[in-house]
Amino acid sequence: MIKNILNRLPRSKSSKRDGGENGNVSYAHTVNTNSASANDNGNSKEYLTKEYLMAHQSALPLRPLAVTARISNGTVKTAPVPIGVGVFNTISEPLPLFRDVPSSERPNLFITKLNLCSTIFDFSDATKHIKEKEIKRQTLIELVDFIGTANIQYSELIIEEVTKMVSANLFRALSPSVHDNLCIETFDAEEEEPCMEPAWSHLQHVYDFFLRFVMSPEMDAKIAKRYIDHSFVLKLLDLFDSEDSREREYLKMILHRIYGKFMVHRPFIRKAINNIFYRFIFETERHNGIAELLEIMGSIINGFALPLKEEHKLFLVRALMPLHKAKCVSVYHRQLSHCVVQFVEKDLKLADIIIRGLLKYWPLTNSHKEVLFLSELEEVLEATQPAEFQRCMVPLFKQVAERSLFLWNNDHIVNLVAQNRAVILPIIYPALAKNTQSHWNQAVHGLTLNARKMFLEMDQDLFQECQRRYEEEEAEMDNVNGKRRLVWEKLEAMAASGVIAK
C-alpha cells in the first residue's frame with residue numbers, strides 16, 4: 001500500500017546549468033514517509049505512522065521544492081522555493097481536527113500540521129490560492145489553540161519541526177520600503193507612513209504560536225537551544241527592521257522570552273543588539289525597531305547585578321549616549337531615557353558621565369528635541385546625589401542656563417541648587433536678568449520671575465551681589481560698545497570726506 005502511495009507522488013527531477021558560478025542545480029520534491037508507531041505517551045519519533053499516512057493521504061502537504069546548488073568551490077547549498085515564486089503546490093483539503101483523532105495520534109497530527117503550515121504563499125496577488133491560504137490560516141489558528149490548551153511533551157523532533165515552520169514563515173526578505181531611495185537628510189521617521197505586511201493574516205498566527213511555544217513550561221531549553229541558536233536569534237533581530245509595528249511588538253515579546261529562558265544566549269543577544277545600535281548611530285541612522293530594542297534592553301538593564309560589569313558601563317557610553325544625536329531620537333526617546341535613568345539608579349557615580357553625555361549631544365536649533373533632553377535631564381537629576389551633582393553643575397548650568405527654568409518645579413533639584421547656590425546663581429543670573437528684560441514669551445517671563453524670587457528668598461545677600469556684578473558688567477559692556485561705535489563713526493566721517501588715502 002505504501003508503494004502505491006509513493007508512486008502517486010511526483011518523482012525527483014534534476015537539471016543542469018552550464019558553466020557559471022552555480023554549477024549544477026537540482027530540484028527535489030520530497031515527503032518524509034518513514035514509519036513509526038506511537039509510544040505509550042503518544043509521542044512519535046518520526047513524521048507519520050503508516051496507518052496515519054494511508055488514512056489521510058489526500059490531505060498530506062508536500063514539502064516545498066528545494067533548490068540545491070553546487071558552487072564552483074564545491075560547497076552545496078539548499079534553499080526552499082516558496083509557492084507563488086515559480087513553483088505551484090496545493091493544499092487540497094484541511095487536515096482533521098485534533099479533537100477528531102485519538103490522543104495517541106495527536107503528536108503525529110501536530111507535526112503534519114506544522115509541515116502544512118511551512119508552505120509559503122505569495123500575497124502580492126490577493127486573487128491567487130485563496131482556498132489554500134484560508135486552509136493554512138485555519139490550521140495556524142488551530143495550532144495556536146492546541147499549544148495553549150493541550151498537555152503535550154515537546155520531544156526534540158517536535159521542537160525541530162516547530163523551528164522549521166517558524167523559520168519558513170518568518171525569516172524572509174522584508175518588503176522593500178518606499179523610503180529606501182531617500183537620503184538620510186530628507187528621511188523623517190515620524191512623518192513617513194509605515195508599510196503594512198501583506199502576509200500578516202498568516203504571520204500573526206505564526207508569531208502567536210511561537211510566543212506560546214517559547215513561554216510553554218513543557219519546552220526544554222536545553223534541547224531547544226540546538227535549534228533556537230545564534231543564527232536563529234540573528235534572523236529574529238533582523239526582522240526588527242520591519243515597518244509593521246504589529247510584527248515588531250510580537251518580536252519584542254518573543255526575544256524577551258528567549259533572553260529569559262535561554263541563559264546561554266544572553267551575552268550574544270546583548271552583543272547583537274549593540275551591533276544594531278552601532279550601525280544605526282554611525283552608518284545608517286535609519287532603523288524601524290530601535291524603540292522596541294531599547295524596551296528589551298530596559299528590562300535587561302533592570303536585571304543587571306551589582307556592581308555593574310565594565311561591559312555594561314561601556315554599553316552606556318558607546319551605545320546609549322550616542323543614540324541621543326540621531327535626528328529621529330523623538331521616536332524612541334522615552335525608552336532611551338528609561339534605560340539611562342536605570343543606570344543612574346544602579347550606580348550613582350554614573351550620573352556625571354550621563355549628564356556630560358547629554359550636554360555633548362545637546363540640540364542647538366531643535367526646540368522639540370531640547371524639551372525632550374530637559375525632561376530626561378530632570379529624571380537623571382532626581383536620582384543624582386549631591387557629590388555627583390557638584391562634579392557636573394558648572395558645565396550643566398553654563399550650557400542650559402536659560403532652559404533650566406523648567407527644572408525649578410522639582411523639589412529635589414531645588415534642594416541640590418540651594419546647597420550649591422554660591423556656584424550656580426552667578427552662572428544663571430545673567431540669563432535670568434535678560435529674560436526678565438526682553439524675553440518675548442510670557443510663560444518664560446513668568447518662570448524667570450519665579451526663579452528670581454526663589455533665589456532672592458534663598459539668599460538675599462548673594463542675590464544682591466550677583467545683581468551688582470551683572471550691572472557693573474553691563475555698564476562696562478555699554479562703555480566698550482560706545483567707544484567702538486565712536487570709532488566707526490569717525491571712520492565713516494573720514495571716508496565720506498575723502499581724508500583716507502587710497
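Arg-279 is partly exposed in this predicted model, because its relative accessible area is 48%, a value that stays below the limit of over 50% set for exposed residues. Glu-283, at 56% relative accessibility, counts as exposed, and the side chains of Arg-279 and Glu-283 meet in a salt bridge with an N to O distance of 3.6 Å. The two residues are separated by about one helical turn, because they stand 4 residues apart in helix H10.

**Salt bridges**

Across the whole structure, a search finds 21 salt bridges, and the pair in helix H10 has a counterpart in helix H20, where Arg-469 and Glu-465 lie 4 residues apart, about one turn of the helix. The closest N and O atoms of Arg-469 and Glu-465 are 3.2 Å apart. Arg-469 is partly exposed, with a relative accessible area of 43%, and Glu-465 also counts as partly exposed, at 26% relative accessibility. Salt bridges that share partners join Glu-465, Arg-468, Arg-469 and Glu-472 into one network.

A further salt bridge links Asp-244 with Arg-246, and here the closest N and O atoms are 2.6 Å apart. Its acidic partner, Asp-244, is buried, with a relative accessible area of 0%, whereas Arg-246 is partly exposed, with a relative accessible area of 34%. The three pairs are set out below.

| Salt bridge | N to O distance |
|---|---|
| Asp-244 and Arg-246 | 2.6 Å |
| Arg-469 and Glu-465 | 3.2 Å |
| Arg-279 and Glu-283 | 3.6 Å |

**The surroundings of Glu-197**

Both Asp-244 and Arg-246 appear among the contacts of Glu-197, which, leaving aside its neighbours within four places in sequence, also touches Arg-172, Ser-175 and Leu-203. Glu-197 lies in the loop between helix H5, residues 156-170, and helix H6, residues 200-215. With a relative accessible area of 11%, Glu-197 is buried, because residues under 20% are placed in that class. The side chain of Glu-197 is also joined to that of Arg-172 by a polar contact of 3.2 Å.

**Backbone features in loops**

Most residues other than glycine have a negative phi, and most peptide bonds are trans. Against that background, two non-glycine residues deserve mention, and one of them is His-129, which has a positive phi of about 55°. His-129 lies in the loop between helix H3, residues 106-117, and helix H4, residues 130-149, and it is buried, with a relative accessible area of 14%. Glu-285, likewise not a glycine, has a positive phi of about 55°. Glu-285 is found in the loop between helix H10, residues 266-284, and helix H11, and it is partly exposed, with a relative accessible area of 22%.

The peptide bond between Leu-306 and Pro-307 is cis, with an omega of about -5°. Pro-307 has its place in the loop between helix H11, residues 290-302, and helix H12, residues 310-320.

**Cysteines and the nonpolar surface**

The structure holds 0 disulfides. Cys-117 counts as buried, because its relative accessibility is 0%, and Cys-466 counts as buried as well, at 6% relative accessibility.

At the surface, Val-487, Trp-488, Leu-491 and Met-494 make a nonpolar patch of about 380 Å². Met-494 is found in helix H20, which spans residues 460-497, the helix that also holds Arg-469 and Glu-465. The relative accessible area of Met-494 is 36%, and it is therefore partly exposed.

**The chain as a whole**

The chain has 20 helices and 4 strands, and of its 502 residues 44% count as buried. Among the contacts in the chain with a separation of 6 or more, 71% are accounted for by residues 24 or more positions apart. The accessible surface of the chain comes to about 27000 Å², of which carbon and sulfur atoms hold 51%.

Definitions and conventions
Residues are numbered from 1 along each chain as its sequence is written. This is a predicted model: local features need pLDDT of at least 70, side-chain atom pairs count only at pLDDT 80 or more; totals for chains, interfaces and linings use all residues. Side-chain values use heavy atoms; hydrogens and water are left out. A disulfide is a pair of cysteine sulfur atoms within 2.5 Å. Buried means under 20% relative accessible area, exposed over 50%, partly exposed in between (1.4 Å probe, protein chains only). Patches are made of residues with over 30% relative accessible area and no salt bridge: like charges are joined within 9 Å, nonpolar side chains (Val, Leu, Ile, Met, Phe, Trp, Tyr) within 5 Å. Accessible areas come from the Shrake-Rupley method with a 1.4 Å probe; for residues, only the protein chains shown count as cover. A salt bridge is a side-chain nitrogen of Lys or Arg within 4 Å of a carboxyl oxygen of Asp or Glu. A polar contact is a pair of N or O atoms within 3.5 Å; within protein, one must be able to donate a hydrogen and the other to accept it, and residues adjacent in sequence count only if both atoms are side-chain atoms. Contact means heavy atoms within 4.5 Å.
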